[in-house]
Amino acid sequence: MFRGEIKNKSKNIFLSSANPKDLVVIKSIPKGNYKSQLLRFGIFEGQVVEILSKLPGGTLVIRINRQEIALGANLTKKILIEKL
Amino acid sequence: MNKLSNDQNHTKKDKKLQIALVGNPNVGKSIFFNYLTNIYVEVSNFPGTTVEIYHGNYKNYIVYDTPGIYSVSSFNDEEKVAKDIIINSDIIINVVDATHLERDLFLTTQLIEMGKKIIIALNMYDELKKYNLKIDVKKLSLILGVPVIPTVAPEKKGFKELEEKISEATNGIINKEILKELELLKELEIPTAEKLLILEEDKPTIVKYAEKLNDFFIGKFHFDSHSFKRPKKHLRRRHHHGFNKHRYYGNYIPENKDEELTSNFQRGFHKKHFLKKIMRHYLNRDRIYLLRRLYVNSITTKVISPIKGKESISKIIGNLIIKPQTGIPISIFILYLIYLFIGVFIAGDVVKFTEGKIGNNIFEYNLKKYIAYSSSTLVTVKVKNENDSIIKVNSHFFEYGIKNEIDKFHSLENEKKITNSEIKFTYSNPILTILFGDFGILTMTITYILFLLLPLVIGFYFMLSILEDSGYLPRLATLVDKLLSYIGLNGRAIIPIILGFGCVTMATITTRILGSKRERTIATTILQLAIPCSAQLGVIATLLASVNSKVTIIYIIIIFIFLTLTGTILNKFIKGESTPLIIDLPPMRLPRPINVFKKTYYRSYGFMKEASPWFFFGALIISIMQITGALDIAIKILNPLVVKWLKLPEHTAIAFVMGLVRRDFGAAGLYGLPLSSYQVLVAIITLTLFVPCVTSLIVMFKERGPKEGIIIWFSSLTFAFFIGGIIAQIFL
């Protein structure tokens with residue numbers, strides 16, 4: 001579906017394909033307002049994030065420093081991660 | 001805002017120092033504010049509250065409470081308001097949630113970088129145990145360079161110490177990396193706080209200092225024809241974006257033959273291109289945010305240490321709500337409870353008493369009678385039997401008011417007492433009709449606002465406050481996020497949609513919480529077109545009760561399909577992209593009753609204050625239409641449409657026009673009419689989709705602007721008759 005997914009030969013995948021209980025490292029976040037908003041919550045390149053649950057449809061609940069944050073599916077499919 | 005800045009100027013003269021209470025949402029700021037000033041305020045902050053600022057006196061200070069924010073910026077109204085207060089304050093009490101230090105220190109370090117005098121209240125210190133954590137307070141204070149006082153707000157623990165140390169608030173130690181960035185604007189003569197905001201690409205601040213920034217950048221980087229120098233290496237960012245001196249400046253700027261001309265030329269020139277390029281080149285919010293984030297993380301690893309323990313119950317409940325298997329049944333159960341509370345208790349029992357008894361029978365009746373006492377009035381009594389049909393009509397014209405023929409009036413009044421009948425006063429004087437007639441500003445509108453709307457609004461805000469304070473609302477938003485994404489909204493939009501079932505006007509105002517103009521347009525359209533408000537729902541339910549359940553099911557399906565289709569189509573054709581859901585899920589906890597009551601009070605008050613004038617305005621329009629005969633003309637125009645196209649009895653047209661006054665009036669007008677099952681279906685579908693009440697229309701025009709307002713209004717009218725008609729053609 002997404003160019004990055006096919007072309008990317010490294011282990012990098014999109015956050016949307018992570019599963020509950022995964023520990024992932026954020027690799028890249030697209031530029032824009034969301035990037036700043038995510039930074040405020042502590043989500044940025046290099047940060048380790050724990051996936052708590054995934055709703056049907058793809059809305060993701062992640063945990064970062066004991067803080068639970070829900071991210072919409074249309075955002076998670078733009079964030080590149082690497083599984084640990 | 002103007003009032004605020006006036007206040008501030010005023011206080012500057014009096015030399016009273018200003019304290020601002022600043023913190024992330026739901027950290028307990030307002031408990032501190034109440035303690036210091038003894039003024040009642042809203043305790044936590046969730047988008048949906050209209051931004052109101054509270055301030056009060058404390059010793060020689062003026063204390064301002066600010067909305068909860070994650071950082072000082074301008075992403076939304078709350079942030080803009082908070083930013084203004086922070087910039088103008090002398091001392092900042094930064095309330096920090098000890099259990100979410102990583103999140104909250106982001107704001108703290110930013111405040112320090114702004115060069116503000118700060119003292120930190122490390123709140124919820126007792127809850128650290130629940131998370132099995134320990135914080136080294138001394139170390140934290142040492143690193144940040146400001147006093148840090150552990151507090152437990154509900155128990156007022158640590159408040160005394162905080163009070164004693166307010167005067168010790170100091171400028172903290174600024175992160176070295178940020179200091180380097182600030183160096184860029186060193187010679188710019190504006191407050192440090194705003195320099196930081198400029199570095200963070202804060203648009204309002206850049207606009208505020210546009211002239212100064214222009215001159216500053218020209219001076220600093222010698223951007224004239226030949227002395228253009230490339231900035232130093234560490235300042236050269238986004239270089240790869242094609243920043244090319246010749247392309248942008250070199251060829252355009254004449255040599256200094258005519259100085260005035262040159263500078264004018266430069267000004268005119270860079271207003272369009274130059275400044276933008278420079279800004280893009282040197283200012284980078286993401287970079288600053290990243291530096292700050294890294295710094296905060298380095299601090300927290302130094303001060304937080306884990307201790308052993310187990311997971312808390314509130315977390316387990318929180319997880320159950322989000323998981324669909326358990327979350328959907330829980331949500332359905334909660335929605336059912338809401339329905340029982342608002343739909344059955346408030347909209348039924350409470351409103352029946354307040355509107356019917358107090359509003360109509362006591363307040364309006366006596367007021368109308370009092371006016372009729374000495375003015376020329378036609379009094380009509382419609383005597384009804386048990387089946388609500390009129391058996392006889394008595395009327396009498398009191399030319400000089402009822403005081404002259406008081407016995408005659410009493411005999412009319414007695415007829416009303418015996419049976420369940422209506423008594424109607426028609427004044428000869430048009431001004432009296434506007435003020436005290438059936439749609440009178442001082443009769444119907446007051447009854448409507450005080451005795452029907454107010455109980456409903458209080459009920460809804462009460463429920464919303466409980467849902468919010470318990471931590472349920474953000475989880476519900478998460479659960480429905482995907483569903484709402486099909487119609488171009490994110491989970492947050494569930495709040496105005498729920499409120500819409502209470503009062504569309506209230507919900508239309510609440511669409512302000514949505515992230516983009518696009519989402520606000522979609523949500524408003526759906527609210528105005530397809531969401532029936534509580535007043536209407538009551539009547540629709542009554543009408544549906546009289547016909548078979550098949551009609552109910554068809555009604556729900558049609559409205560649902562229409563809602564989904566409208567949303568999907570709007571989502572497809574409105575330009576732009578909707579904002580994704582990014583929502584903080586606070587721990588589930590029992591709401592504190594005091595907070596819930598305060599919130600309910602302030603929200604209801606805020607809404608009534610904002611919306612009431614428009615209800616009066618709407619009533620005035622309708623009254624004028626009634627007197628000038630415009631209302632009758634509208635009914636005449638609608639008549640053929642109603643009879644031939646919708647295949648409904650002639651009188652239904654009146655019901656539709658009355659629906660403009662209040663949607664429920666329209667539906668209620670159908671009570672007395674002999675309708676078949678499918679005629680009921682056609683009528684309620686048309687009414688649901690039909691133009692909402694005048695007030696919601698005015699508020700929509702105000703929120704969305706005249707152009708969008710007219711489009712939404714017009715499509716509401718068209719769809720109502722189009723779809724109603726199609727149903728009529730199919731079933732009748």
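What follows is a chat between a trainee and a mentor about this predicted model.

Trainee: Let's start with chain A. In what order do its elements run from the N terminus on?

Mentor: Chain A has three helices and six strands to arrange. Of its 84 residues, 44% count as buried. From the N terminus on, the order is α-β-β-α-β-β-β-α-β.

Trainee: And what share of the contacts in chain A with a separation of 6 or more comes from residues 24 or more positions apart?

Mentor: That one is a plain fraction of the contacts in chain A with a separation of 6 or more. Residues 24 or more positions apart account for 53%.

Trainee: Now the sheet that holds β1(A). Which are its edge strands?

Mentor: Read the open sheet across and you get β1(A)-β6(A)-β2(A)-β3(A)-β4(A)-β5(A)-β13(B), seven strands with antiparallel pairing. An edge strand here pairs on one side only. That picks out β1 (13-14) of chain A and β13 of chain B.

Trainee: At the β1(A) end, which residue of β6(A) stands opposite I13(A)?

Mentor: β1(A) runs antiparallel to β6(A), residues 80-83, and two bridges join them. Opposite I13(A), in β6(A), stands I81(A).

Trainee: Moving along, which residue in the turn between β3(A) and β4(A) has a positive phi?

Mentor: β3(A) (residues 48-54) and β4(A) (residues 60-64) run antiparallel and are joined by four bridges. Within that pairing, I51(A) has I62(A) as its bridge partner. The two strands form a hairpin with five residues between them, and the turn residue with a positive phi, about 105°, is G57(A).

Trainee: How many residues lie between the strands of the β4(A)-β5(A) hairpin?

Mentor: Here five bridges join the antiparallel strands β4(A) and β5(A). L60(A) has L71(A) as its bridge partner in β5(A). In the turn, N65(A) has a positive phi of about 50°, and the number of residues between the strands is two.

Trainee: L71(A) again! Which residue of β13(B) does it stand opposite?

Mentor: β5(A) pairs with β13(B), residues 582-585, in the antiparallel sense over four bridges. So far we have L71(A) partnered with L60(A) in β4(A). In β13(B), L71(A) stands opposite I582(B).

Trainee: Which element gives the largest share of the side of chain A that touches chain B?

Mentor: In total, 28 residues of chain A are in contact with 29 residues of chain B. The elements giving two or more residues on the chain A side are α2 (33-40), β5 (67-71) and α3 (73-76). The largest share is seven residues, and it comes from α2(A).

Trainee: How many of the residues on that side of chain A are charged?

Mentor: Split the side of chain A that touches chain B by residue class: 13 are nonpolar and eleven are polar. The charged ones number four.

Trainee: Over in chain B, are α25(B) and α30(B) parallel or oblique?

Mentor: The axes of α25 (residues 593-628) and α30 (residues 694-731) of chain B come within 8 Å and cross at roughly 120°. Perpendicular stops at 115 degrees and antiparallel needs over 145. That angle therefore makes α25(B), relative to α30(B), oblique.

Trainee: And how many residues of that helix contact are nonpolar?

Mentor: α25(B) contributes residues including W614(B), F615(B) and F617(B), while α30(B) contributes among others I698(B) and V699(B). Two residues of the contact are polar and none is charged. The nonpolar count is nine.

Trainee: Is I62(B) buried or exposed?

Mentor: I62(B) sits in strand β3 (residues 61-65) of chain B. The cut-off for buried is 20 or more other C-beta atoms within 10 Å. I62(B) has 22 C-beta neighbours inside 10 Å, so the verdict is buried.

Trainee: Same question for F439(B): buried or exposed?

Mentor: F439(B) lies in the loop between α17 (430-436) and α18 (444-469) of chain B. Because 25 other C-beta atoms lie within 10 Å, F439(B) is buried.

Trainee: Last one: which residue in β12(B) does T380(B) stand opposite?

Mentor: Three strands form an open antiparallel sheet in the order β11-β10-β12 of chain B. Six bridges join β10(B), residues 377-384, to β12(B). Opposite T380(B), in β12(B), stands K424(B).

Conventions. Residues numbered from 1 in each chain as written. Chains lettered and ligands numbered in written order. Predicted model: local features only at pLDDT ≥ 70, side-chain atom pairs only at ≥ 80, totals over all residues. Contact = placed C-beta atoms within 7 Å. Nonpolar A, V, L, I, M, F, W, Y, C, P; charged D, E, K, R; others polar. Pairing = 2+ DSSP bridges. Buried ≥ 20, exposed ≤ 12 C-beta atoms within 10 Å, placed from the backbone. Axes fitted to C-alpha atoms, helices over the stretch in contact; angles between N-to-C directions. Parallel < 35°, antiparallel > 145°, perpendicular 65-115°, else oblique.
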